[in-house]
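Please open the structure in your viewer and keep the sequence panel beside it. This tour goes from one selection to the next and says what is there at each stop.

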Amino acid sequence: MNYMNGSNGAKNEEVIPQEENPNTNQNMPPTTMGAIKELGQTAVPSGEPDIFCITIIGQIEGHIVMPPQNKTTKYEHIIPQLVAAEQNKNIKGLLIILNTVGGDVEAGLAIAEMISSLSKPTVTVVIGGGHSIGVPIAVSSTYSIIAESATMTIHPIRMNGLVIGVPQTFEYMEKMQERVVKFVTSHSRISEEQFRDLMFKTGELNRDIGTAVGGLDAVKYGLMDEVGGIGAALAHLNRMIGGDFSAAPTAAISGGLTQ
């Protein structure tokens, strides 16, 4: 409640004891509601952890902007984060969490190349799904983990929109597909023959677009290193930060039937 002093025009403000009157001109720290409103994220624990976490979710957006109702991961957002994490001396390792349906091939390969070229230890975790161009991103890290219930769809390169039916177009698609195959086979233990067999396999439940590989089978084929979750990923990342780069996959690599 404010009162006006008639003698000198001074304003007397009622202040609660033991409480400072906040200055609205100061930059107040973001609250939980402020973070949700401005950044679309909840508050994270305070402190400066030595592990930087990046999430790749929804559809990977490339050179064409997706409709607003699509949940997307923009590669122009991910790449600066990776550069900043590489330059930050306080960050010792990176945890990349994937739940993506795929998306733009060149944007996905750009993110995968960035992750694979980092000098710091990296661990990817596929939770839910790491489909299509999410497969190269999943295998690009130093160590890769997939949840047992997660799947990875492996299929040939596809195009949508206007396609000019000339031999050069199909040659371009074939070369782009070769880039994906070479990257995946060079950053995982799967053979090129096995990967191409999964890519062109027909008769699966997903309408002959490729093969949906479950978590156990992804490890059995050598596509991923271990079946596990966030706990296993952080434990392995902390071991690598400490200098122990020896791979210790879980025993659950016998696999079951392809999903």
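A patch, in the sense used here, is made of residues with over 30% relative accessible area and no salt bridge, and nonpolar side chains are joined into one when they lie within 5 Å. Keep in mind throughout that what you are looking at is a predicted model.

**The surface patch**

Select Ile127, Ile230 and Leu234, which form a nonpolar patch on the surface and together have about 190 Å² of accessible area. Within this group, isoleucine 127 is found in strand β6, which covers residues 122-130. Isoleucine 127 has a relative accessible area of 31% and is therefore partly exposed.

**The whole chain**

Now zoom out and colour the chain by secondary structure, so that the 8 helices and 10 strands can be picked out. Of the 259 residues in the chain, 37% are buried, while the chain exposes about 15400 Å², of which carbon and sulfur atoms supply 55%. If you consider the contacts between residues at least 6 apart in sequence, 68% of them join residues at least 24 apart.

**The nonpolar cores**

Which residues have the most contacts inside the largest nonpolar core? Select Ile56, Phe195, Leu223 and Met224, because these are the ones with the most contacts in that core of 46 residues, a core being built from buried nonpolar residues joined through side-chain atoms within 4.5 Å. Helix α3 gives the most to this core, with 6 residues. Apart from it lies another core, of 10 residues, and among them are Ile51, Val123, Ala233 and Met240.

Return to isoleucine 56 and display its surroundings: leaving aside residues up to four places away in sequence, isoleucine 56 touches Thr73, Ile78, Ile96, Ile97, Leu98, Asn99, Thr100, Ile111 and Ile137.

**Helix α5**

Next, select residues 167-186, which make up helix α5; this helix has 20 residues and reaches 28 Å from its first C-alpha to its last, close to the 28 Å expected at 1.5 Å a residue. Its buried residues are Thr169, Met173, Met176, Gln177, Val180, Val181, Phe183, Val184 and Thr185. If you show the neighbouring elements as well, you will find that what covers these buried residues includes α3 (105-116), α4 (134-139) and α6 (192-199).

Tyrosine 172 also lies in helix α5. With a relative accessible area of 39%, tyrosine 172 is partly exposed, and it touches Glu106 and Met159 when residues up to four places away in sequence are not counted.

**Salt bridges between α5 and α6**

Side chains of opposite charge can pair when their charged atoms come close. In this model, the count comes to 8 salt bridges.

Select glutamate 178 and arginine 196, which form a salt bridge with their closest N and O atoms 2.5 Å apart. Glutamate 178 lies in helix α5 and arginine 196 in helix α6, so this pair ties together parts that are 18 residues apart in sequence. Glutamate 178 is partly exposed, at a relative accessible area of 28%, and arginine 196 also counts as partly exposed, at 23%.

Keep arginine 196 selected and add glutamate 192, since the side chains of these two residues meet in a salt bridge as well (3.2 Å, N to O). Both lie in helix α6, 4 residues apart, which is about one turn of the helix. At 30% relative accessibility, glutamate 192 counts as partly exposed. To see the wider arrangement, select Glu178, Lys182, Glu192 and Arg196, which are linked in a network of salt bridges.

**A salt bridge between two loops**

Where do the partners of the next salt bridge, arginine 189 and aspartate 225, lie? The side chains of arginine 189 and aspartate 225 meet at 3.7 Å, N to O. Arginine 189 is in the loop between α5 and α6, whereas aspartate 225 is in the loop between α7 (215-220) and β10 (226-227), and the pair links distant parts of the chain, 36 residues apart. Arginine 189 is exposed, with a relative accessible area of 52%, but aspartate 225, at 18%, counts as buried.

**Last stop: serine 132**

Finally, select serine 132, which lies in the loop between β6 and α4. Its phi is near 55°, a positive value in a residue other than glycine. With a relative accessible area of 22%, serine 132 is partly exposed.

Conventions: Residues are numbered from 1 along each chain as its sequence is written. This is a predicted model: local features need pLDDT of at least 70, side-chain atom pairs count only at pLDDT 80 or more; totals for chains, interfaces and linings use all residues. Side-chain values use heavy atoms; hydrogens and water are left out. Patches are made of residues with over 30% relative accessible area and no salt bridge: like charges are joined within 9 Å, nonpolar side chains (Val, Leu, Ile, Met, Phe, Trp, Tyr) within 5 Å. Accessible areas come from the Shrake-Rupley method with a 1.4 Å probe; for residues, only the protein chains shown count as cover. A salt bridge is a side-chain nitrogen of Lys or Arg within 4 Å of a carboxyl oxygen of Asp or Glu. Buried means under 20% relative accessible area, exposed over 50%, partly exposed in between (1.4 Å probe, protein chains only). The expected span of a helix is 1.5 Å times one less than its number of residues. Contact means heavy atoms within 4.5 Å.
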